[in-house]
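User: Could you take a close look at one part of this protein for me? I'd like to understand how the strands at the start of the chain pair up, and where charged side chains meet.

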Amino acid sequence: MQARSSGAVPLLMVECSSERELRGIARYDETLITPDAGLQDLMPDGSLALTVDPHKGKRYQGIVALDGVDLSESLSNYFVMSEQLGTRFWLKADGHRARGLLLQQLPAAQITDPEERDASWEHVITLASTLTAEEMLGLDNQTILHRLYHEDPVRLFDAQPICFRCSCSRERSANALVSLGLEDAQQLVIEHNGSIEIDCQFCNERYLFDATDVAQLFAGGGVDSPSDTRH
């Protein structure tokens with residue numbers, strides 16, 4: 001997911017794999033952020049892009065305007081615009097922690113009667129909308145579900161761990177150099193006092209390539225390790 005704007009927060013980006021591995025980044029100008037600023041103050045004229053890149057099948061991307069009062073409304077609007085199943089988000093944060101709730105409507109095959117299906121969806125949405133920020137941030141999942149849906153059959157699945165993992169690597173950085181071409185890569189080495197430094201903005205890992213590395217790379221020698229000439 002990627003949100004871009006011309007405001008104090010020009011970029012929000014997060015990636016998530018099917019193995020629940022996450023990485024994200026936020027770029028912002030702290031001098032332009034006020035305590036009471038909302039999404040439209042921070043990210044005016046923004047756009048929201050969601051990209052799905054499956055292991056099998058075609059890559060898909062949908063882009064909509066970032067026009068909600070907050071990020072949760074903008075995400076909900078994305079699903080409305082993309083004509084998928086009814087979907088609503090609630091996101092809360094207090095500077096120390098963040099939690100969210102996602103509700104998605106069952107496919108029509110599960111509830112075939114249109115009126116019953118709409119009534120069921122309205123029921124769960126109305127109850128979820130009563131959840132306060134204090135409750136979402138302070139209560140455990142089981143308590144929240146019981147408070148909201150104690151009159152409905154609810155199944156709570158086991159919690160699944162998530163972790164930070166960056167997909168950057170020396171090989172991917174080397175491929176970026178190859179895309180520049182040999183002459184441009186060699187020129188960068190000269191301009192940067194003998195070595196090219198590529199920094200990953202997600203995890204702060206640094207990858208250095210000197211003239212020997214560049215020559216080896218374009219000669220097909222691989223990128224397994226830095227050259228022995230680096231000190």
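Analyst: Happy to help; here is a walk through the strands, followed by the salt bridges. Please keep in mind that this is a predicted model.

Let's begin with strand E1, residues 2–4, which runs antiparallel to strand E2, residues 11–16, and is joined to E2 by 3 bridges. Within this pairing, Ala3 sits across from Leu12 of E2. The two strands make a hairpin, with 6 residues between them.

E2 also pairs with strand E3, residues 21–27, again in the antiparallel sense, this time over 6 bridges. Here Cys16 has Leu22 in E3 as its bridge partner. E2 and E3 form a hairpin too, with 4 residues between them. In that turn, Arg20 has a positive phi of about 65 degrees.

Now for the charges. Side chains of opposite charge can pair when their charged atoms come close. Glu15 and Arg23 do this through a salt bridge at 2.7 Å, N to O. Glu15 is partly exposed, at 29% relative accessible area, whereas Arg23 is buried, at 10%.

The whole structure holds 6 salt bridges. Another one of them links Asp213 and Arg170 at 3.6 Å, N to O. Asp213 belongs to helix H8 (residues 211–218) and Arg170 to helix H6 (residues 170–180), so this pair ties together parts that are 43 residues apart in sequence. Both Asp213 and Arg170 are buried.

Methods:
Residues are numbered from 1 along each chain as its sequence is written. This is a predicted model: local features need pLDDT of at least 70, side-chain atom pairs count only at pLDDT 80 or more; totals for chains, interfaces and linings use all residues. Side-chain values use heavy atoms; hydrogens and water are left out. Two strands pair if DSSP finds at least two bridges between them. A salt bridge is a side-chain nitrogen of Lys or Arg within 4 Å of a carboxyl oxygen of Asp or Glu. Buried means under 20% relative accessible area, exposed over 50%, partly exposed in between (1.4 Å probe, protein chains only).
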